[in-house]
Amino acid sequence: MNISEVKKPVGDRKKKISNLAKIFFGVIIVLTFFSKSFYSWTLPKVRAESIGSGSLTKEIMGEGIIEAKDRVEHYVSVRGRIKDIKVSPGDEVKKGQVIMIIDKGELEKELERSDIELSELKLQYEGIISDKEINSVNSYEKKLKELEEDLALKEQDYLVYKALYEKGAESRSAYEAKEREYNSAKSQLDSLQKDFELQQQNSSRDVESAKLAIAKKELDIRDIREEIDNCTIVAPSDGIIKEINFKKGMMPDDSVPAYILDNMTGGFEIEVDLNSQLCEYINLGDEVQIRIKNRGNMSIDGEIKAISDKKGDHNRKTVAVDLGQADLLGGEAGELYLKKKIGSYDIIVPRSAIGKDSDGEYVFVLDEREGPLGKEYSVSRCKVTVGDSDNSYIGILSGLLGNEKVVVYSNKNLYDGSSVILDK
């Protein structure tokens, strides 16, 4: 065996060792790469934005139905069934135009009966007056004259017997008898006068009662005549009929309007229900836009004229907007839109960056550092104090310096110190 034959196995062995070493280091590199990639796959993916200063603008929107400001709701108090209806919902009417007719047949019969009853009451009244002025007075005067004459005679006898008694020419018993006769006649006269006065008072009450009965019946007749006149219901102004709530032959319910009419000459308005917190940014007199959905998104200007609490819901308010003399019909669906600046802040962040828990509001700030294999990222939880907000941003009062980047999106829950990767 020569030297060359000995060296050949040694060279092959070295070559194999070299190849094995290359494979080993290659595997180490590959495992290192894939382990980093696998680790990265388990980390939350986040997006972050730089923060800055700026103004906040509140966009306020709400929906409602446009109505005429001058809306007439007519309630029927007339007793009778509907005889005819002359219009339909959507019809345009003129002032004085007949809308519906109520059957007045029963009312006319009632009026006739009441007229007869009034005539009877007047006859009764005349009879009372006649009795008072003729029969009662004449009877009293006749009886009064008789008693006065009798009293005069008895008084004369009494005085004569008194004088004779005082002279001793007449007995005491005879004198006292004449005195009793005189006093009795005087008492009868006084009683007659009192009875007559009482009779006159009673007669006066009868007269007043008869007058009141006549006056009451006259009022009843006037009311019936008014009801008959109201059987023909006419439009109080030009406008559009929005509702007819009864049909021919029905008896109207006075708790429901027989018809609703919108007087378009008085202009239009819209009422929109809004969250009470949004209403804090609204003032009377603010100008708003109203978009009309079923009129090709036509936009008209309006002015806020009233803000009131919504009945039954303390979390919402009703905002009334005056639309003036707009080219509308009423009944259109409208959308209120108001864009209003609400303040400037040194630091504002996107709304999506703000989190909230039992400790209050917070943001996650993105931290960046150089690692063995390149840039590495983590987040820090920072408690903040917030101010106003609009649809996109929130003002920050404290907690940030202004040069940070805040997380606005994460596909997993974050914690203080969480390692993350940036979602490109």
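The exercises below concern a predicted model of one chain, and each is followed by a worked solution.

**Exercise 1. State how many helices and strands the chain has, and what share of its residues is buried.**

Solution.
- Step 1: the chain holds 3 helices and 19 strands.
- Step 2: of its 424 residues, 32% are buried.
- Step 3: contacts can then be sorted by sequence separation. Taking those between residues at least 6 apart in sequence, 74% join residues at least 24 apart.

**Exercise 2. Find which residues touch the most other members of the largest nonpolar core, and which elements give two or more residues to this core.**

Solution.
- Step 1: the largest nonpolar core has 26 residues, and those touching the most other members are Ile-99, Ile-102, Ile-241, Ile-244, Tyr-259 and Leu-261.
- Step 2: two or more residues of this core come from each of strand E5 (98-102), helix H2 (105-167), helix H3 (172-229), strand E7 (239-244) and strand E8 (259-275).
- Step 3: another core lies apart from it, with 21 residues that include Ala-68, Val-272, Val-319 and Val-321.
- Step 4: as background, nonpolar side chains in soluble globular proteins tend to be buried together.

**Exercise 3. List what Leu-261 is in contact with, leaving aside its neighbours within four places in sequence.**

Solution.
- Step 1: neighbours within four places in sequence are set aside.
- Step 2: the contacts of Leu-261 then include Asp-70, Arg-71, Val-72 and Val-93.
- Step 3: the list is completed by Ala-235, Ser-237, Asp-238, Gly-239, Ile-240 and Ile-241.
- Step 4: Leu-261 and Ile-241 both appear among the core residues that touch the most other members.

**Exercise 4. Describe the second largest pocket by its volume, its lining and the elements that give residues to the lining.**

Solution.
- Step 1: the volume of the second largest pocket is about 210 Å³.
- Step 2: 13 residues line this pocket, and Ala-353, Gly-355, Tyr-362, Phe-364 and Leu-414 lie nearest its centre.
- Step 3: the elements giving two or more residues to the lining are strand E14 (360-371) and strand E18 (405-410).
- Step 4: E18 provides the largest share of the lining, 4 residues.
- Step 5: by residue class, the lining divides into 8 nonpolar, 3 polar and 2 charged.

**Exercise 5. Trace the strand pairing from E13 through E14 to E15, giving the sense and the number of bridges.**

Solution.
- Step 1: strand E13 (residues 355-357) pairs with E14 in the antiparallel sense over 3 bridges.
- Step 2: in this pairing, Gly-355 stands opposite Tyr-362 in E14. Gly-355 and Tyr-362 are also among the residues nearest the centre of the second largest pocket.
- Step 3: E13 and E14 form a hairpin, with 2 residues between them.
- Step 4: E14 and E15 run antiparallel and are joined by 10 bridges. There, Gly-371 stands opposite Gly-374 in E15.

**Exercise 6. Identify which strands E19 pairs with, and in which sense.**

Solution.
- Step 1: strand E1 (residues 45-50) and strand E19 (residues 419-422) run parallel and are joined by 2 bridges. Here Lys-45 stands opposite Ile-421 in E19.
- Step 2: strand E15 (residues 374-383) pairs with E19 in the antiparallel sense, again over 2 bridges. In this case Ser-419 in E19 is the bridge partner of Ser-378.

**Exercise 7. Classify Asp-423, Ser-344 and Glu-112 as buried, partly exposed or exposed.**

Solution.
- Step 1: the cut-offs are under 20% relative accessible area for buried and over 50% for exposed, with partly exposed in between.
- Step 2: Asp-423 has a relative accessible area of 31%, so it is partly exposed. Asp-423 lies in the segment after E19.
- Step 3: Ser-344 has a relative accessibility of 58% and therefore counts as exposed. Ser-344 is found in strand E12 (residues 333-350).
- Step 4: Glu-112 is exposed because its relative accessible area is 53%. Glu-112 is found in helix H2.

**Exercise 8. For Asp-423, Ser-344 and Glu-112, give a residue far along the chain and the C-alpha separation.**

Solution.
- Step 1: Asp-423 and Lys-45 are 378 residues apart along the chain, and their C-alpha atoms are separated by 5.3 Å. Not counting neighbours within four places in sequence, Asp-423 is in contact with Lys-45, Val-46, Arg-47 and Tyr-409.
- Step 2: Ser-344 and Thr-57 are 287 residues apart along the chain, with a C-alpha separation of 9.3 Å. Ser-344 touches Gly-54 and Ser-55, leaving aside residues up to four places away in sequence.
- Step 3: Glu-112 and Ile-221 are 109 residues apart along the chain, with C-alpha atoms separated by 9.1 Å.

Methods:
Residues are numbered from 1 along each chain as its sequence is written. This is a predicted model: local features need pLDDT of at least 70, side-chain atom pairs count only at pLDDT 80 or more; totals for chains, interfaces and linings use all residues. Side-chain values use heavy atoms; hydrogens and water are left out. A nonpolar core is a set of buried Ala, Val, Leu, Ile, Met, Phe, Trp, Tyr and Cys residues joined through side-chain atoms within 4.5 Å. Buried means under 20% relative accessible area, exposed over 50%, partly exposed in between (1.4 Å probe, protein chains only). Contact means heavy atoms within 4.5 Å. On a 1 Å grid over the protein atoms alone, a cavity is a set of points where a 1.4 Å probe fits but cannot get out, and a pocket is an open set with protein on both sides within 12 Å along at least five of seven lines; lining residues have an atom within 4 Å of a point. Grid points are joined across faces, edges and corners, and a volume is the space filled by probe spheres set on the points. Ala, Val, Leu, Ile, Met, Phe, Trp, Tyr, Cys and Pro count as nonpolar, Asp, Glu, Lys and Arg as charged, and the others, Gly among them, as polar. Two strands pair if DSSP finds at least two bridges between them.
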